[in-house]
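Visitor: Could you take me through a close look at a single part of this model, and say what surrounds it? I would like one connected account rather than a list.

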Amino acid sequence: MHLIRAARLKGLEEDLHMSGTQFNTLISSLYVGYVLMQTPSNWFISQIEKPSVYLSGGMSLWGALSIGTGISQSYHSALISRFLLGFVEATFFPGALFLLSRWYTRNELGLRIAILTCGSSISNAFGSLIASGLLSVMDGTLGVPAWRWLFFTEGALTLIISAVALFIIPDFPSSPARWLTREEHLLAYLRMEEDSRGLERDQPRQANESGLQYSLTDCKIWWLGISLSSMIVALSFGNFFPTLCATMGYNPTITLLLCAPPWLTGTITSFLVTRHSDSSGDRFWHITGPMMMGVMGFIIAISTMNTAIRYVSLCVISSLLRR
């Protein structure tokens, strides 16, 4: 998902004969399927007994489509691959969040979600480092441009990890679990039953009201949805992170190396903020505080042309807006 940004630095647009805003369209096409598929996908997960098979299967299709992007010989074929990739990728992250919510109580969930989200930040960091090496070493190998090797490598690794994930991702506490004893399995089930009863006391609903109806009529969900959508729009700068770093005047290898520290900083910040949020029980200030500091980072970025200050502002934005 992220390597297309690095591929742009090494001939993606030229080889696919792209012009104008076609690169922006290529990036945006992924989010069409990603947005449309998230809710149906999570509804489907709630109806099946083995989400491990569903999530790992989605990952394998994800890897195959990534390889398909590398094979693409034209803008339109790459566009189709990216469009389909959005539908497939939408199964994993929302599904993983839903699965975590079935294993951990409300007081435990924040840190676990942060650890999952940190995977995205770490992939941004190490993806940039890997891309830097591949773009500098693999260019022309077997007559294939370096940017294609990015997608081949990402796709192959995803296929391998999806095969392993089939045996690692757990199913629901209500399903048999080979990695738990009978007593541990019963404890996992009962503790979530107790937590859900506490949620029902805090947020009662009509006996004949479905979960979907309750969600659509809960104003908190709408406000959180609007807030999250606004934050995702702000985070769209990540799609152009290597391009932004390239404006500092460095070659592609150094540019990609400079992309790593901001995301590593974001990983550490995310872990510390959510850990303190869980221990203190506060959510509001742990969400709004980092976001306000992220806004300050945007203001700094557009207010100066000083290279060091601009780079620090990118670190602030990537560290604080991913909370």
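Guide: In this predicted model, a good place to begin is F167, a residue that lies in helix α8. With a relative accessibility of 64%, F167 counts as exposed, because that value is over the 50% cut-off. F167 also belongs to a nonpolar surface patch of about 790 Å², which it makes together with V53, L157, I160, I161, V164, L166 and I168. Helix α8 is the element that gives the most to this nonpolar patch, contributing seven residues.

The helix that carries F167 has a part in a second feature as well, since α8, spanning 146-168, and α4, spanning 51-71, each supply at least two residues of the lining of the second largest pocket. The space in that pocket comes to about 270 Å³. Of the 15 residues that line the second largest pocket, those closest to its centre are K50, S52, I169, D171 and R178. As for the chemical character of the lining, its residues divide into eleven nonpolar, one polar and three charged. Here too α8 gives the most, although its share of the pocket lining is three residues, whereas it gives seven to the nonpolar patch.

Taken together, helix α8 is thus the element that gives the most to the nonpolar patch, and also the one that gives the most to the lining of the second largest pocket.

Technical notes
Residues are numbered from 1 along each chain as its sequence is written. This is a predicted model: local features need pLDDT of at least 70, side-chain atom pairs count only at pLDDT 80 or more; totals for chains, interfaces and linings use all residues. Side-chain values use heavy atoms; hydrogens and water are left out. On a 1 Å grid over the protein atoms alone, a cavity is a set of points where a 1.4 Å probe fits but cannot get out, and a pocket is an open set with protein on both sides within 12 Å along at least five of seven lines; lining residues have an atom within 4 Å of a point. Grid points are joined across faces, edges and corners, and a volume is the space filled by probe spheres set on the points. Helices (H or I, at least four residues) and strands (E, at least two) are DSSP runs, numbered from the N terminus. Ala, Val, Leu, Ile, Met, Phe, Trp, Tyr, Cys and Pro count as nonpolar, Asp, Glu, Lys and Arg as charged, and the others, Gly among them, as polar. Patches are made of residues with over 30% relative accessible area and no salt bridge: like charges are joined within 9 Å, nonpolar side chains (Val, Leu, Ile, Met, Phe, Trp, Tyr) within 5 Å. Accessible areas come from the Shrake-Rupley method with a 1.4 Å probe; for residues, only the protein chains shown count as cover. A salt bridge is a side-chain nitrogen of Lys or Arg within 4 Å of a carboxyl oxygen of Asp or Glu. Buried means under 20% relative accessible area, exposed over 50%, partly exposed in between (1.4 Å probe, protein chains only).
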